[in-house]
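Have a look at the chain below and get a feel for it before you start. Then try the exercises yourself and check your steps.

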Amino acid sequence: QVQLVESGGGLVQPGGSLRLSCAASGSIFSIYGMGWHRQAPGKQRELVATITSGGSTNYADSVKGRFTISADFAKRTVYLQMNGLKPDDTAIYYCKALRGTATTIINIYWGQGTQVNVSS
């Protein structure tokens, strides 16, 4: 019933910018946090950034200073502004939503991913 749909991916030159969006739809639920993960070819899926409904953010060291996560939880939407993109940022970016609380996660929802290609 709950679906997360990412958008905003595409091809960009090194140093360029992209803004990813992810909107959750379906049954109403309490969202503890939302975030982004990415998976490059031949690599493990890694956390990129997260944000809680209380506004706390967390970033992977590799993207700090370049990426900014934000969200409108009333609209169940999360964004990822990506600046200064590098070829190593090339990956499929997946949106994640956590239902529950800081102590108890009830459900984890994943989007199907959006491709980001950074190439000159």
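Below are three short exercises, each with a worked solution.

First, some ground rules: this is a predicted model, where local features need pLDDT of at least 70, side-chain atom pairs count only at pLDDT 80 or more, and totals for chains, interfaces and linings use all residues. Residues are numbered from 1 along each chain as its sequence is written, and side-chain values use heavy atoms, leaving out hydrogens and water.

**Exercise 1. Work out how many helices and strands the chain has.**

Step one: take the DSSP runs, numbered from the N terminus (helices are H or I, at least four residues; strands are E, at least two). Step two: count them, and you get zero helices and eleven strands.

**Exercise 2. Find the strand order of the open four-stranded sheet, and its edges.**

Step one: pair up strands, which takes at least two DSSP bridges between them. Step two: the order comes out as S1-S3-S8-S7, paired antiparallel. Step three: S1 (3-7) and S7 (67-72) each have a single partner strand, so they stand at the edges with one side lacking a neighbour in the sheet. Step four: zoom in on S7 and S8 (residues 77-82), joined by six bridges. Thr68, for instance, has Gln81 in S8 as its bridge partner.

**Exercise 3. What share of the chain's residues is buried?**

Step one: call a residue buried if its relative accessible area is under 20% (1.4 Å probe, protein chains only). Step two: apply that to the 120 residues, and 43% count as buried.

Technical notes. Buried means under 20% relative accessible area, exposed over 50%, partly exposed in between (1.4 Å probe, protein chains only).
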